[in-house]
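Work through the exercises below with the sequence and coordinates open. Each task is followed by a stepwise solution.

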Amino acid sequence: AGPPKTVVVGGGPAGLTTAIALARRGWTGIQVYDRLAEPPDPDDDTVWGDTARFYLIGLGGRGQQALRELGVWEEVEKYATAIRGRKDWPPGAGPDGGVERLATHKPYTTMVLARDRL
């Protein structure tokens with residue numbers, strides 16, 4: 001099932017999901033490469049205590065469902081934080097130049113997760 005060696009480039013959500021899906025189909029010899037160094041332990045609160053320091057990934061309804069189907073949502077959810085909306089800054093805007101968008105019409109709660117916690 002599958003070639004003897006498979007390389008997945010990118011350790012973000014798509015790359016890790018691809019690696020998991022291939023492994024579940026019986027592929028072996030899967031290696032995931034990312035340009036970033038291996039992240040710290042996801043349970044280390046001295047590293048992960050300040051979410052403002054990290055690139056956050058939004059996990060909407062479809063993302064949460066995909067993770068459920070992979071059987072990993074419960075593990076990911078432990079490290080995710082619920083949000084009500086987001087704030088966007090146009091190019092060149094200062095700290096007070098953002099526009100807040102609240103998401104009250106969605107049938108699910110959007111969650112965010114520090115990318116490196118994946």
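## Overview of the chain

Of the 118 residues in the chain, 25% are buried, where buried means under 20% relative accessible area, exposed over 50% and partly exposed in between (1.4 Å probe, protein chains only). This is a predicted model, in which local features need pLDDT of at least 70 and side-chain atom pairs count only at pLDDT 80 or more, while totals for chains, interfaces and linings use all residues. Residues are numbered from 1 along each chain as its sequence is written, and side-chain values use heavy atoms, with hydrogens and water left out.

## Exercise 1: chain-level description

Task: State the secondary structure content, the order of elements, the contact range and the accessible area of the chain.

Solution.
- Step 1. The chain has four helices and seven strands; helices (H or I, at least four residues) and strands (E, at least two) are DSSP runs, numbered from the N terminus.
- Step 2. Along the sequence, the elements follow the pattern β-α-β-α-β-α-α-β-β-β-β.
- Step 3. Take the contacts between residues at least 6 apart in sequence: 60% of them join residues at least 24 apart. A contact means heavy atoms within 4.5 Å.
- Step 4. About 8500 Å² is exposed by the chain, and carbon and sulfur atoms supply 53% of it. Such areas come from the Shrake-Rupley method with a 1.4 Å probe; for residues, only the protein chains shown count as cover.

## Exercise 2: helix H1

Task: Check the length of helix H1, then find which residues are buried and what covers them.

Solution.
- Step 1. Helix H1 covers residues 13-24, 12 residues in number. The expected span of a helix is 1.5 Å times one less than its number of residues. For H1 this gives 16 Å, and the end C-alpha atoms are 16 Å apart, which agrees.
- Step 2. Gly 15, Ala 19 and Leu 22 are the buried residues of H1. Viewed down the axis of H1, these fall within an arc of 70 degrees, so they line one face of the helix. The arc is that of the directions from the helix axis to the C-beta atoms.
- Step 3. The cover over these buried residues includes strand E1 (6-9) and E2. On the other side of H1, Ala 14 and Arg 24 are exposed.
- Step 4. Ile 20 also lies in H1 and is partly exposed, at a relative accessible area of 29%. Its C-alpha atom is separated by 7.7 Å from that of Leu 70, 50 residues apart along the chain.
- Step 5. Just after H1, Gly 26 has a positive phi of about 95 degrees.

## Exercise 3: Lys 5 and a surface patch

Task: Is Lys 5 buried or exposed, and which residues does Lys 5 touch? Then identify the nonpolar patch that contains Tyr 33.

Solution.
- Step 1. Lys 5 belongs to the segment before E1. With a relative accessible area of 53%, Lys 5 is exposed.
- Step 2. Not counting residues up to four places away in sequence, Lys 5 touches Gly 29 and Gln 31. The C-alpha atoms of Lys 5 and Gly 29 are separated by 4.6 Å, although the two are 24 residues apart along the chain.
- Step 3. Tyr 33 is found in strand E2 (residues 30-33) and is partly exposed, at 44% relative accessible area.
- Step 4. Val 7, Val 9 and Tyr 33 form a nonpolar patch on the surface, with about 320 Å² of accessible area together. Patches are made of residues with over 30% relative accessible area and no salt bridge; like charges are joined within 9 Å, nonpolar side chains (Val, Leu, Ile, Met, Phe, Trp, Tyr) within 5 Å.

## Exercise 4: helix H3

Task: Locate the buried side of H3 and describe the surroundings of Gln 64.

Solution.
- Step 1. In H3, the buried residues are Gly 61, Gln 64 and Leu 67. They cover an arc of only 130 degrees around the axis, which puts them on the same side of H3.
- Step 2. These residues pack against strand E3 (56-59), helix H4 (73-77) and strand E7 (111-114). The face turned away from the buried side carries the exposed residues Arg 62 and Glu 69.
- Step 3. Gln 64, in helix H3 (residues 61-69), counts as buried at 6% relative accessibility. Leaving aside neighbours within four places in sequence, Gln 64 is in contact with Leu 59, Trp 73, Thr 109, Thr 110 and Met 111.
- Step 4. Just after H3, Gly 71 takes a positive phi of about 75 degrees.

## Exercise 5: salt bridge

Task: Which residue forms a salt bridge with Lys 78?

Solution.
- Step 1. A salt bridge is a side-chain nitrogen of Lys or Arg within 4 Å of a carboxyl oxygen of Asp or Glu. By this rule the count is one salt bridge.
- Step 2. Lys 78 pairs with Glu 75, the closest N and O atoms being 3.0 Å apart.
- Step 3. Lys 78 counts as exposed at 55% relative accessibility, and Glu 75 as partly exposed at 43%.
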